[in-house]
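Colleague: Please take one part of this model and look at it closely for me. Then carry on outward from there, so that I can see how it sits among its surroundings.

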Amino acid sequence: MKMNRSFLLRLWTLAWLTAIWVLLWGNVSAANILGGIAVGLLIMVLLPLPRVPVEGRIHVFSLVKLAVVFLYYAMESSFSVAWLAIRPKAPPVTGVLRCRIAIKSDLVLTLFVDAMNLVPGTMVLEIDRTRRLLYVHVLDMGTQKAVDGFYAYVRNLEKLFIAAFERDSDWKPSPLHYQEYEQYHGVLGDDPAEADSDAPRDDKKTDDKRKGDWS
């Protein structure tokens with residue numbers, strides 16, 4: 001079964017690389033397809049990518065909900081950015097805010113960051129993988145309401161990603177997971193003992209506590 005999955009994954013990777021090659025040439029022809037297969041095989045043999053461990057499980061319904069909410073956020077932010085550009089006022093106050101993310105796996109964290117970068121008005125500038133901190137440039141943070149709205153957006157998106165990809169009941173860390181992040185990975189505060197605290201979460205503080213039902 002594992003061999004079949006590995007073969008299908010390699011076949012999918014080859015098909016993807018071939019499609020990219022054909023798109024780069026801008027012409028679907030037998031020569032371009034064969035050339036894409038040849039280039040794809042060379043890349044897979046000479047430049048193999050490390051395997052990314054899948055440590056959770058995909059929940060289709062939650063994934064669909066995530067996609068719908070993400071599209072809503074993207075449309076809402078697009079209108080907001082357009083209004084900020086044409087409104088007869090001074091430009092909005094911009095800045096960088098820090099978010100502590102409870103997502104455990106690097107794969108899901110990468111998807112989360114990609115989603116945030118695709119929403120107009122936000123751009124992730126730096127990722128602290130060890131402490132799971134994101135430094136995000138926010139287009140509009142001139143009022144406390146705007147800042148609170150940004151944190152609410154991040155928390156809701158985080159909740160949807162966890163529900164879709166890595167619920168606690170499905171979480172199966174890879175053997176190397178805790179070796180690399182033995183002290184910090186999955187811990188919300190700098191001190192692992194603080195993870196047992198019942199204090200309410202406040203993203204504007206260094207040490208916080210995640211609260212929420214991810215089911």
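Modeller: Gladly; let's take helix 3, where the cover over the buried residues includes helix 4 and helix 5 (contact being heavy atoms within 4.5 Å). Before going further, note that this is a predicted model, in which local features need pLDDT of at least 70 and side-chain atom pairs count only at pLDDT 80 or more, while totals for chains, interfaces and linings use all residues. Residues are numbered from 1 along each chain as its sequence is written, and side-chain values use heavy atoms, with hydrogens and water left out.

The residues lying beneath that cover in helix 3 are S62, L66, V69, F70, Y73, A74, S77 and L84 (buried is under 20% relative accessible area, exposed over 50%, and partly exposed in between, with a 1.4 Å probe and protein chains only). The helix itself counts 27 residues, and its first and last C-alpha atoms lie 39 Å apart, close to the 39 Å expected at 1.5 Å a residue (the expectation is 1.5 Å times one less than the number of residues).

Helix 3 belongs to a protein of six helices and three strands, taken as DSSP runs numbered from the N terminus, helices being H or I with at least four residues and strands E with at least two. Read from the N terminus, the order of elements is α-α-α-β-α-β-β-α-α. Of the 215 residues, 34% are buried. Among contacts between residues at least 6 apart in sequence, 70% join residues at least 24 apart.

What charged pairs does the structure hold? There are five salt bridges (a side-chain nitrogen of Lys or Arg within 4 Å of a carboxyl oxygen of Asp or Glu). One of them touches the start of our story: R57 and D170 pair through their side chains at 3.7 Å, N to O. R57 sits in the loop between helix 2 (30-46) and helix 3 (60-86), and D170 in the loop between helix 5 (144-165) and helix 6 (177-180), so the bridge ties together parts 113 residues apart in sequence. R57 is partly exposed at 47% relative accessible area, whereas D170 is buried at 14%.

Now to the two helices in the cover. For helix 4, the side chain of D106 meets that of R132 in a salt bridge of 3.1 Å, N to O. D106 is in helix 4 (residues 106-118) and R132 in the loop between strand 2 (122-128) and strand 3 (133-138), so this pair links parts 26 residues apart in sequence. R132 is buried, its relative accessible area being 3%, while D106 counts as partly exposed at 26%.

In helix 5, R155 and E158 form a salt bridge whose closest N and O atoms are 3.1 Å apart. The two are three residues apart in that helix, and so about one helical turn separates them. R155 is buried at 17% relative accessibility, and E158 is buried too, with a relative accessible area of 0%. Coming back to D106 and R132, salt bridges that share partners join both of them with R129 into one network.
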